[in-house]
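Visitor: I would like to go through the ligand and metal sites of this model. Could you take me through them?

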Amino acid sequence: KTQQQGEAGYTFYSSEMNKRAKEHLRIESELRRALAGGQLLLHYQPKVSLRSGRIVGAEALIRWRHPERGMIPPGVFIPVAEETGLILDIGTWVLEEACRQIRDWKDAGLDAPPIAVNLSSRQFDRNLPHRVQEALEAYRLSPDRLKLEITETLLVRGPDQVIPIMNELVAMGLALALDDFGTGYSSLAYLKKFPINTLKIDRSFVIGLPTEENDCAIAQAIVTMGQQLRQEIVAEGVETVEQMRFLRNLGCDQLQGYLFSPPVAAAAFEQMVREGKRLQLAL
Ligand code: C2E
Ligand code: MG
Ligand code: MG
Ligand code: MG
């Protein structure tokens, strides 16, 4: 069968799959070496208060500095890491690296805000509280210096499996944020079962503000709901002044996005905090 015989779709598809599988294997083995060889690093993206304009937090976002291919974004390798289970080791590294950095800033006299790390659902097991505790203790940090971002895919496992672990983390003094909120299937009634402090409105709903009626309605609903559940609301991916204004008027608490800053290296984040960089709210 050749492509000219009308099987082009199939032929193309199988060779594409083959290519993808190979690419996948290559990433997996290189990623293992990257983790061991110090090629992974964290960037930090500030979260600013929509009341004061001040930096009130940051999200740690992983990067892979590849010796030949340059900086690789997490969207390329985190899914591979999740499939192979390597995400467990990477996740532990992220936790430790964030704690090490927070300690470093503290020692340098910087009044750094709490730092949020992303957790893969696969990391969310009975050992997680222990691993977090160890990282905090190793760097002598109080638990309010760290936040954990989880996604709705975790909640799908059901309350019985997830809530005991969440409660343990909360009892330790950690805050939990629900990332990419609105992209999954959790309902209001379902959501309130979980001890979650913060909702992050997914960027896909922020993009259309303030012109897309549906996005406006969704953003409004999330903020209203979050306020009722006494959760803090963070909007992610805010790029324009118009989006910022709309979200502020809704009563959204914090903003994260290119409008204020993209994720940056630790030194650049430190600089912003030292300068007291603020978001112009009077726009
Ligand atoms: P996320 O946790 O939802 O992180 C927000 C993503 O949105 C980041 O992409 C950030 O750079 C991007 N972003 C922020 N503001 C803007 C904006 O104004 N415009 C646009 N276009 N994008 C914006 P990034 O760093 O590529 O990370 C992608 C995803 O990879 C993260 O989504 C998260 O799910 C995952 N990830 C990143 N670091 C880690 C990690 O350490 N562990 C795990 N498990 N996942 C991670
Ligand atoms: Mg996140
Ligand atoms: Mg997010
Ligand atoms: Mg997102």
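Guide: We shall discuss the ligand site, then the metals, then two backbone details. This is a predicted model, in which local features need pLDDT of at least 70, side-chain atom pairs count only at pLDDT 80 or more, and totals for chains, interfaces and linings use all residues. Residues are numbered from 1 along each chain as its sequence is written, chains are lettered from A and ligands numbered from 1 in the order in which they are written, and side-chain values use heavy atoms, with hydrogens and water left out.

Visitor: How many residues surround ligand 1, and which are the closest?

Guide: The shell holds 20 residues, and the closest are Glu59, Arg63, Asp179, Glu239 and Tyr258. A residue is counted as near if one of its heavy atoms lies within 4 Å of the molecule.

Visitor: Which class of residue makes up what part of that shell?

Guide: The shell has eight nonpolar, five polar and seven charged residues. Here Ala, Val, Leu, Ile, Met, Phe, Trp, Tyr, Cys and Pro count as nonpolar, Asp, Glu, Lys and Arg as charged, and the others, Gly among them, as polar.

Visitor: Which elements supply at least two residues each?

Guide: They are β2 (55-66), α3 (87-107) and β6 (175-181), and β2 gives the largest share, with four residues. Helices (H or I, at least four residues) and strands (E, at least two) are DSSP runs, numbered from the N terminus.

Visitor: What about polar contacts to ligand 1?

Guide: A polar contact is a pair of N or O atoms within 3.5 Å. An oxygen atom of ligand 1 is 2.9 Å from an N or O atom in the Glu59 side chain, and a polar side-chain atom of Arg63 lies 2.9 Å from an oxygen atom of the ligand. A nitrogen atom of ligand 1 is 3.1 Å from a polar backbone atom of Ile62. Taken alone, ligand 1 exposes 810 Å², of which the protein buries 83%; the areas come from the Shrake-Rupley method with a 1.4 Å probe.

Visitor: Now the metals. Which protein donors does the magnesium ion (ligand 2) have?

Guide: They are Glu59 (OE), Asn118 (OD1), Glu149 (OE) and Asp179 (OD), lying 2.0 to 2.2 Å from the ion. Donors are N, O and S atoms within 2.8 Å of the metal (3.2 Å for Na, K and Ca), and water is not among the atoms, so sites may look incomplete. Along the chain, these donors follow the spacing E-x58-N-x30-E-x29-D.

Visitor: And which residues coordinate ligand 3?

Guide: The magnesium ion (ligand 3) is coordinated by Asp179 (OD), Asp180 (OD) and Glu236 (OE), at 1.9 to 2.7 Å. Asp179 coordinates both this ion and the magnesium ion (ligand 2), and the two ions are 3.6 Å apart.

Visitor: What are the donors of ligand 4?

Guide: The magnesium ion (ligand 4) has the protein donors Asp180 (OD) and Glu236 (OE), at 2.2 to 2.4 Å. Because Asp180 lies in strand β6 and Glu236 in strand β8 (residues 232-236), the pair ties together parts that are 56 residues apart in sequence. Asp180 also bridges to the magnesium ion (ligand 3), and these two ions lie 3.1 Å apart.

Visitor: Changing topic, which peptide bond is cis?

Guide: The bond from Leu209 to Pro210 is cis, with omega near -5°. Pro210 is placed in the loop between α8 (203-206) and α9 (213-228).

Visitor: Where does Arg140 lie, and what is its phi?

Guide: Arg140 lies in the loop between α4 (128-138) and β5 (146-150). Its phi is near 50°, a positive value in a residue other than glycine.

Terms used: Polar contact = N/O pair within 3.5 Å; in protein donor to acceptor, adjacent residues only side chain to side chain.
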